[in-house]
Structure formats: structure tokens, C-alpha cells
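Visitor: I am new to this structure and would like a close look at a single part. Please take one sheet and what surrounds it, and go through it step by step.

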Amino acid sequence: MDTETWAAAARPSRDALINRITHQIRQSLELDQILRATVEEVRAFLGTDRVKVYRFDPEGHGTVVAEARGGERLPSLLGLTFPAGDIPEEARRLFRLAQVRVIVDVEAQSRSISQPESWGLSARVPLGEPLQRPVDPCHVHYLKSMGVASSLVVPLMHHQELWGLLVSHHAEPRPYSQEELQVVQLLADQVSIAIAQAELLEQARQKAQQERLINQIAALVYSPLHPETTLTTVLEQLAAGLQGIGARLRIHFMGADTLCCHGVQPPASYDTWLQEQLGRAGGAGGWVKMWSLSHLEKWPELQEQMKQTPIRGLLVAQLAWNDQPVGWLSVFRGAVYQETHWAGYRWFTQGDPRQELPLISFAAWRELKIDEPKAWSAAEQELMSRVGVHLALSITQNQLYRQLQTLNARLEQEVQERTAASLHHHHHH
């Protein structure tokens, strides 16, 4: 069959495929499901040995988050992480700017680069380079050592950034027709839409969760004269909402000096240190600040003491009312210790030669990652600040209410004393 006839024959199945994927994306809002369906469909359509989706984390390491395989010719890489260095910066730049697709023919040691036809959707950067070019020998070695003879890579974009890659690997050389490339590109575009949808959904979920938390906390703190235990409950809920391991509220206001704690607590010198930081920041409250263990270098003593605790990160809000400092609220976070399954590491023990390459960058990365807290997102900082506002108001209200009660009691007593005195007086007459 010549290519023309083939293309004509493939068209119905191609349209059906695109409809199926589009339908799937409309049906499901769960990104994992969509990615799984996509790799299955692409693999069935291309008939290649392995199709996977590779997702980048903020540091540029890529994890295989979805995979479909036909037969056993290529090993499964699902769940493995490849260090950032495995994809050269230059290649990332091309992916990002030109959104190019790269086909590598390992035997011929050449790669061809093509751009999706721009349907006026995005101005793509002109490629000032020949489309066929020799592939980096290191890359050939990498693919070869992993048993791959031909690969097709299509970038998955999100917000003009490189979110990940859709990759097809085959254990034999295999050319890709223009038609096939168009289909895979269309699917990649659909996946980009799904990624954007999933992100919006996640943001909406977070927002809803935060609103629930804020309402819960507000309901607790606005009951007049709430007991200490209420504040402890608030700290507990806040720590849970912020994935923290502990929380601490120091009230220092109108003669009150109270401390409420939940969960893991910092060393004794913490409050003094924090008060200094707040003093330095000056006046009005409402601000939220973050530190991680490595930020505490300027205070080696505190840093040393912190190291003895599980605390690796802190989020602090200054509480104030009418520019009057009321106290401060802290939430503590532990280390994120995710055991990353580095490609090469898991198999190294079983000695699969196809897996030795990525090992080298593993050890250094692992060192670096162990003591870092998960960064606080902008949404989390905002949540902290909103809870801070509610707390400051309720603490102020509480104090005023107590003062009022004390005043009333005093007046009441004076009245009674006066009444008693006048009765006494009358009695004598």
C-alpha cells in the first residue's frame, strides 16, 4: 500500500481516535485517567512498543506518570524519575519556544525536528536550522542502552511552559508519517487542554476547602468568651489545612500574655527570636513570612536547636488590630521526604545494564532533598493571613469583653457598697 492509500484508509480510525480522546477529556476531569487513556490510545494508534507521559517537577526532573506498553520488548518505566540533566537545556529550549517534535533514529544516529502546523493559534519561533541533524551521541547511547531504536517526542505545554513530554519508543527503527505526527500533535494539544482543566479544578477544590476551614474557624472564634480550648482547636484545624506538624499562637495584648500550642513545638528560644523578627519588620500586622531551616543560617544557635526537632519550615503571621500588635501565629512543617524512584536505582541492584546511566545524578539530589520542607504556596499564605485576621479580631473582642465584664463587676460592687452604706445611714436615723 502506498502512503496515499494508507492515509486515506487511516482517516476514519484517526477521526474516531481523536473523537474518543476529546470525549474522554470532556467526561473525566481526573488528569491521571486522561493521561492513562491517552497513552493507551496513542500506543494502539502507532503500534509502538511503549508510549509514556513524562511530567516535569519545578526542578526539572521528569517522572513517568502514565505508560502503555505492547508486549515486553521495552521495560516499564512507570513511576520512575529521570534527573533534569537527562534532557539538555538546549532541547528544553527548543521544546518550549518552537514546540518542536523530535524524532530520533538511533541506528542512523540522526534526529529530525518538525513543527506542528501553526493554525494561527500561537506564533511559533522560526527554526533557523536544518531539520535533519545528527543526534547528540550521548543521547544515542542513552536510548540504545535502554533498548530504544526510535523515539518520537512531543512537548506538552501549559501556560507557555514545558509541562511534560509525550514520548513514543520503539525497539526497532520506525519512520513516522506526516499523518501520524498530526494525530499525535492533536492529541498532545487535547492533553494540554486537560492539564489546564485539571489545574482549574484543583484550584477550585483548594478554594472550597479553604472557605470551609475559614468558616469553621470563624464560627469557633466568634463565640463570646471562648475558652482556651477553642483556640487549640483552631490551631489543630489550621495545621491540618496547611499540612503542618504543629502550630503555636502567642497572644501578647492588653495585659494578656497567653500561649496556645498544638503538635510539634519549636525550641524555647523561638518566641524571643520571633519577637525580634517582628519588631524588625515594624508596626502594623497582617504580614505573613516564611522561613525554612536553611534560612536560619544567620541564627546558628536557633538553627542548631531547630535541627533537634522535626520542624523544617515555618509560616508566621503577625496578628494586629488597628495597628496594635495582638500576637503572632506560627505553623510548622516537617521535611518532605519522598522516596523518589530514580530510573536506574531500582534496577541497579538487579543489574539491568539498560538502567545504569541516570544513577550518577541520583546521590547528590537525594542529599539535597532530604531536609527541605514543601514550599508554602501563595494560596496557603493567603489562608494563613485570613485566619490571622479572624484570630486578631476575635482575641481583641474577647479582651474587650473581659475588660467590660471586669468593669461591670467593679461598678456592680460599688453600687452594692453604696447601697449598703446608705441603708446603714438610714438605719441610724
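**A sheet and its surroundings**

Guide: Before the sheet, one residue elsewhere in the chain: Glu30 is partly exposed, with a relative accessible area of 37%. The model is a predicted one. The side chain of Glu30 forms a salt bridge with that of Arg205, at 2.9 Å from N to O. Glu30 sits in the loop between α1 (3-27) and α2 (31-46), while Arg205 belongs to helix α5 (residues 178-221), so the two are distant parts of the chain, 175 residues apart. Arg205 is also partly exposed, at 41% relative accessibility. The whole structure has 13 salt bridges.

Now to the sheet. Five strands make up an open sheet, in the order β10-β9-β13-β12-β11, with antiparallel pairing. The edges are β10 (256-263) and β11 (288-292); each has a single partner strand, so one side of each has no neighbour in the sheet. On average, neighbouring strands here are turned by 15° against each other, direction ignored. In general, strands of a sheet pair through backbone hydrogen bonds.

At the β10 edge, strand β9 (residues 246-253) is joined to β10 by eight bridges, and the two run antiparallel. Within this region Phe253 stands opposite Ala256 in β10.

Helices lie against these strands. Helix α11 packs on the sheet and touches β9, β10, β11, β12 (313-321) and β13, its direction making about 40° with that of β12. Helix α6 (residues 228-241) lies across β9, β10 and β13 (324-333), and runs at about 45° to β10.

Strand β9 also takes part in a salt bridge. Arg248 pairs with Asp271, the closest N and O atoms being 2.6 Å apart. Asp271 lies in helix α7 (residues 270-281) and Arg248 in β9, so the pair ties together parts 23 residues apart in sequence. Buried means under 20% relative accessible area. Asp271, at 8%, is therefore buried, and Arg248, at 9%, counts as buried too. Salt bridges with shared partners join Arg248, Arg250, Asp257 and Asp271 into one network.

Last, the surface. Tyr222, Met254, Trp321, Val389, Leu393 and Leu400 make a nonpolar surface patch of about 480 Å². Helix α11 (residues 378-428) contributes the most to this patch, with three residues. Leu393 is found in α11 and is partly exposed, with a relative accessible area of 37%. Helix α11 thus appears twice in this account: it packs on the sheet, and it gives the most to the nonpolar patch.

Conventions. Residues numbered from 1 in each chain as written. Predicted model: local features only at pLDDT ≥ 70, side-chain atom pairs only at ≥ 80, totals over all residues. Heavy atoms only, no water. Patch = residues over 30% accessible without salt bridge, like charges linked within 9 Å, V, L, I, M, F, W, Y side chains within 5 Å. Areas by Shrake-Rupley, 256 points an atom, 1.4 Å probe, with all protein chains shown as cover. Salt bridge = Lys/Arg side-chain N within 4 Å of Asp/Glu carboxyl O. Helix = DSSP H or I, 4+ residues; strand = E, 2+ residues; numbered from the N terminus. Buried < 20%, exposed > 50% of the residue type's maximum accessible area, 1.4 Å probe, protein only. Pairing = 2+ DSSP bridges. Axes fitted to C-alpha atoms, helices over the stretch in contact; angles between N-to-C directions. Contact = heavy atoms within 4.5 Å.
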